[in-house]
Amino acid sequence: MSTNSGDLTGRKAKHIEICTDQAYDPEGGSALFEHLSFRHRALPEIAWDEVKTETDFLQRRIAFPLFISCMTGGSDSSYAINKDLARAAQALNIPVGMGSIRILFRKPEAFGDFHLRPLAPDVPIFSNLGAQQLIEERLRDNYKTLHQWNQKLEVDAQVVHLNPGQELYQDDGDRDFRGIKDTLEEFIARSPLPVIVKETGFGMAPDEVDWLLKVGASYVDLAGSGGTNWLTVEAYRLDAAGYESGEALREWGWPTALLMAAVGHRKGRVLASGGLRSGLDLAKALALGAKAGGFALPVIRAAKQGGSEAVVTLMNGYIRALKTTMMLTSCRTLSDLRKTSLDTTRDFESRLKKLNRG
Ligand SMILES: Cc1cc2nc3c(=O)[nH]c(=O)nc-3n(C[C@H](O)[C@H](O)[C@H](O)COP(=O)(O)O)c2cc1C
């Protein structure tokens, strides 16, 4: 694909505009967290300060099991937003991702947009690239330039995103997804950084999660459905007929809570994101086995409205609800939370049974 840096910058800026313009709803369906509930305890016998949320992640100690999902970089508006996200992550001591660094390969002067380390010296930072671009980078120089950029960016992990649905609704998007599995397997084996593979809002089939973990991904970030739907965001940029056809796929994908319930026991190597919209959703994802939960759309909206302070306020709200949930279920630690049973609706149970049957 021959998209130039001007097209990429313009598209990135348009994405932020669409996602933060309150007149358009970029979300689709439900992540199904409302089908799960905790059992309240009126006698928790725990003090607030005893509730421990710290955890080890990518060789750093983070304060809370939540992260800012990969989003921006490479346009004027995203430059300011990335800085606010990094400042907020540092203030909270939580991980932060950046948007695809693809633009750096054509426009090296955008480096400052992505160099978050000076603003977030202590937290895990994720670099980001599409799986499709990995194929280009392998052909170009066997990932040499990519590894050099990551070194300069001082990141802790390489996130690789999968987004076939989004590409198909870009007029100049990729149409050929052959060879990605081989490339991913080879890239993961040779990467000097831990690799996190994520979707971008449609999730992955359970056997795909298993395969990614088998070939050595350090974590798989589900990025399931129920939150931002990238196909409809792209469809919004098309003509009326294109837009209408995208609407039919608004609820496409694996709802995050359902998928998490199916793959949650994969030894703490699954991250839950896509449609998480509260601290209670986060607590449920953790109870299902997630190592941590990620948030994208609400965070970028907060950053656009009130900068890093608004992001910190939003995240503190999530953290308060998480700790409250832990107290009201008598959980002192995240491992206690992972042992807590969740009640599920009959509908959820039957969907999960079907999913597990394959
Ligand atoms: C404005 C915006 C830009 C995004 N850009 C990227 C990106 O460059 N790379 C990526 O892997 N995911 C990107 N995403 C997808 C998110 O990381 C996330 O997987 C998806 O939005 C679902 O999470 P949510 O429902 O909390 O928004 C972007 C999301 C938003 C809202």
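Two strands pair if DSSP finds at least two bridges between them. The legends below use that term for a predicted model.

**Figure 1. The whole protein chain of the predicted model.**
The protein chain has 15 helices and 12 strands. Its C-alpha atoms fill a box of roughly 60 × 45 × 45 Å, taken along the principal axes. For 358 residues, a compact globule would have a radius of gyration near 21 Å, and the 19 Å of the protein chain agrees with this. Buried residues make up 46% of the 358 residues. Among contacts in the protein chain with a separation of 6 or more, 79% are between residues 24 or more positions apart.

**Figure 2. Strand β8 and its pairing with β9.**
Strand β8 covers residues 195-198, and β9 covers residues 219-221. The two strands run parallel and are joined by 3 bridges. Valine 197 of β8 has valine 220 of β9 opposite it. Which residues lie on the two faces of β8? Val195 and Val197 are on one side, and Ile196 and Lys198 are on the other. These four residues are all buried, and both faces of the strand are covered.

**Figure 3. Strand β7 and its pairing with β6 and β8.**
Strand β7 is made of residues 157-161. It is largely enclosed by the rest of the structure, because 5 of its 5 residues are buried. Ala157, Val159 and His161 point one way from the strand, while Gln158 and Val160 point the other way. Strand β6, residues 125-130, runs parallel to β7, and 5 bridges join them. Within that pair, phenylalanine 126 has alanine 157 of β7 as its bridge partner. The pair formed by β7 and β8 is also parallel, with 4 bridges. In this pair, glutamine 158 stands opposite valine 195 of β8, and valine 160 stands opposite valine 197 of β8.

**Figure 4. The shell of residues around the ligand.**
There are 25 residues around the ligand. Which of them come nearest? They are Gly99, His161, Gly227, Thr228 and Ala296. One of these, His161, belongs to the group of β7 residues that also includes Ala157 and Val159, pointing one way from the strand. Helices α1 (5-20) and α13 (297-328) each supply at least two residues of the shell. Helix α1 gives the most, with 3 residues. By residue class, the shell divides into 10 nonpolar, 14 polar and 1 charged.

**Figure 5. The largest nonpolar core, with leucine 85.**
In soluble globular proteins, nonpolar side chains tend to be buried together. The largest nonpolar core of this model has 99 residues, and Leu85, Ala89, Val96 and Met260 touch the most other members. The largest share of this core comes from α13, with 10 residues. Leaving aside neighbours within four places in sequence, leucine 85 is in contact with Ile68, Val96, Val299, Ala303 and Val311. Val96 therefore appears twice in this view: it is in contact with leucine 85, and it is named with Leu85 among the core residues that touch the most other members.

**Figure 6. Glycine 253 in its loop.**
Glycine 253 is found between α10 (240-247) and α11 (256-263). Is this glycine buried or exposed? Glycine 253 counts as buried, because it has 28 C-beta neighbours inside 10 Å. Beyond its neighbours within four places in sequence, glycine 253 is in contact with Gly201, Phe202, Gly203, Gly224 and Ser225. Histidine 15 is 238 residues away from glycine 253 along the chain, and the C-alpha atoms of the two are separated by 20 Å.

**Figure 7. Two loop residues with positive phi, glutamine 59 and tyrosine 143.**
Glutamine 59 is not a glycine, yet its phi is positive, about 65 degrees. It is found in the loop between β2 (55-57) and β3 (60-62). Tyrosine 143, also a residue other than glycine, has a phi near 70 degrees. Its loop lies between α4 (131-141) and α5 (144-153). Which of the terms buried and exposed applies to each residue? Glutamine 59 is exposed, because 9 other C-beta atoms lie within 10 Å. Tyrosine 143 is buried, because 20 other C-beta atoms lie within 10 Å, and a residue counts as buried at 20 or more.

Notes
Residues numbered from 1 in each chain as written. Predicted model: local features only at pLDDT ≥ 70, side-chain atom pairs only at ≥ 80, totals over all residues. Rg over C-alpha atoms; globule rule 2.2 N^0.38 Å. Buried ≥ 20, exposed ≤ 12 C-beta atoms within 10 Å, placed from the backbone. Contact = placed C-beta atoms within 7 Å. Near = placed C-beta within 6 Å. Nonpolar A, V, L, I, M, F, W, Y, C, P; charged D, E, K, R; others polar. Core = buried A, V, L, I, M, F, W, Y, C linked by C-beta atoms within 7 Å.
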